[in-house]
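Visitor: Please pick one part of this model and take me through it slowly. I'd like to know what sits around it, and how it fits into the rest of the chain.

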Amino acid sequence: MINSKVSSKSSWLSPGNPGIISAVIIAFGKNLARLGANFDYIAESRIELNAARFLTLDAAVKMDTVGNKIAASEIAQIKVYAPNVALKVIDRAIQIHGGEGVSQLTPLASMYAHMRTLRLADGPDEVHRRAVARLELGKYIVR
Ligand SMILES: Cc1cc2nc3c(=O)[nH]c(=O)nc-3n(C[C@H](O)[C@H](O)[C@H](O)COP(=O)(O)OP(=O)(O)OC[C@H]3O[C@@H](n4cnc5c(N)ncnc54)[C@H](O)[C@@H]3O)c2cc1C
């Protein structure tokens, strides 16, 4: 990014909005958020982050009220969904920042690598998806 500026009031991650980059960075004389497909990226990120939060809340409520065994599907769902959403949000932030997004001038590449391990560290996505599918099928298959 050429001639980029970051406001002294900006922070990479707003405390109330993890994953959403503060839209104060200027490129080519325009606010970065207003360039290209960036409005769509920001909106998609907000929608997916909210969906991930509600899925997490749903799993947590079920764990507290009916127990971990009955909440097994919701737990597996969020283990797949949250890291994938976080990765997509970071990926969009990298795209918005262009080459600077993969440089050491931003924490984004490091955040991406760190988040990518979560799709393995607590079991691979495929294993959690398999658990969701088995529990879903279990509702309909007569034993
Ligand atoms: C940073 C990090 C931290 C970790 N921390 C912990 C920890 O605290 N505690 C702990 O116990 N483990 C931990 N692990 C290990 C982690 O749980 C395993 O890496 C993970 O379960 C995948 O096992 P694996 O690496 O042997 O790959 P494999 O089991 O060989 O899997 C490789 C790939 O095969 C596919 N696959 C595997 N099994 C299935 C299946 N049943 N159905 C469909 N596809 C499948 C998936 O695509 C998977 O990504 C950690 C791993 C990392 C990278």
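Guide: Let's start at Gly123, which comes after helix 3 and has a positive phi, near 100°. Helices here are DSSP runs of H or I with at least four residues, strands are runs of E with at least two, and both are numbered from the N terminus. Residue numbers start from 1 along each chain as its sequence is written. Keep in mind that this is a predicted model: local features need pLDDT of at least 70, side-chain atom pairs count only at pLDDT 80 or more, and totals for chains, interfaces and linings use all residues.

Gly123 is also one of the residues around the ligand, along with Thr117, Leu120, Ala121, Pro124, Glu126, Val127 and Arg130. Helix 3 (108-121) and helix 4 (125-138) are the elements that each give two or more residues to that shell. To be near the ligand, a residue needs its C-beta atom, placed from the backbone, within 6 Å of it. By class, the shell holds 4 nonpolar, 2 polar and 2 charged residues. Nonpolar here covers Ala, Val, Leu, Ile, Met, Phe, Trp, Tyr, Cys and Pro; Asp, Glu, Lys and Arg are charged, and the others, Gly among them, are polar.

What about the helix leading into Gly123? Helix 3 has 14 residues, which at 1.5 Å a residue should span 20 Å, and its end C-alpha atoms are indeed 20 Å apart. (The expected span is 1.5 Å times one less than the number of residues.)

On the far side of Gly123, Arg130 belongs to helix 4. Arg130 counts as partly exposed because it has 13 C-beta neighbours inside 10 Å. The cut-offs: 20 or more other C-beta atoms within 10 Å make a residue buried, 12 or fewer make it exposed, and anything in between is partly exposed, with C-beta atoms placed from the backbone.

Arg130 also leads us over to Ala76: the two are 54 residues apart along the chain, yet their C-alpha atoms are separated by 9.0 Å. A similar link joins Ile75 and His128, 53 residues apart in sequence and 8.7 Å apart in space, C-alpha to C-alpha. Ile75 sits in helix 2 and, with 18 C-beta neighbours inside 10 Å, is partly exposed. Leaving aside neighbours within four places in sequence, Ile75 is in contact (C-beta atoms, placed from the backbone, within 7 Å) with Ala59 and Asn68.

Now for the packing. The largest nonpolar core has 13 residues, and Ala82, Val85, Ala86, Val89, Ile90 and Ala93 touch the most other members. Helix 2 (72-97) and helix 3 each give two or more residues to this core, and helix 2 gives the most, with 8. Such a core is a set of buried Ala, Val, Leu, Ile, Met, Phe, Trp, Tyr and Cys residues joined through C-beta atoms within 7 Å. Over the whole chain of 143 residues, 19% count as buried.

Last, how far to trust it. pLDDT is the predictor's confidence in each residue, from 0 to 100; the chain averages 86, and 82% of the residues score at least 70. Residues 6-23 fall below 50, and that stretch has 23 contacts in the model beyond near neighbours in sequence. Where pLDDT is low, the predicted coordinates should not be read in detail.

Terms used:
Two residues are in contact if their C-beta atoms, placed from the backbone, lie within 7 Å.
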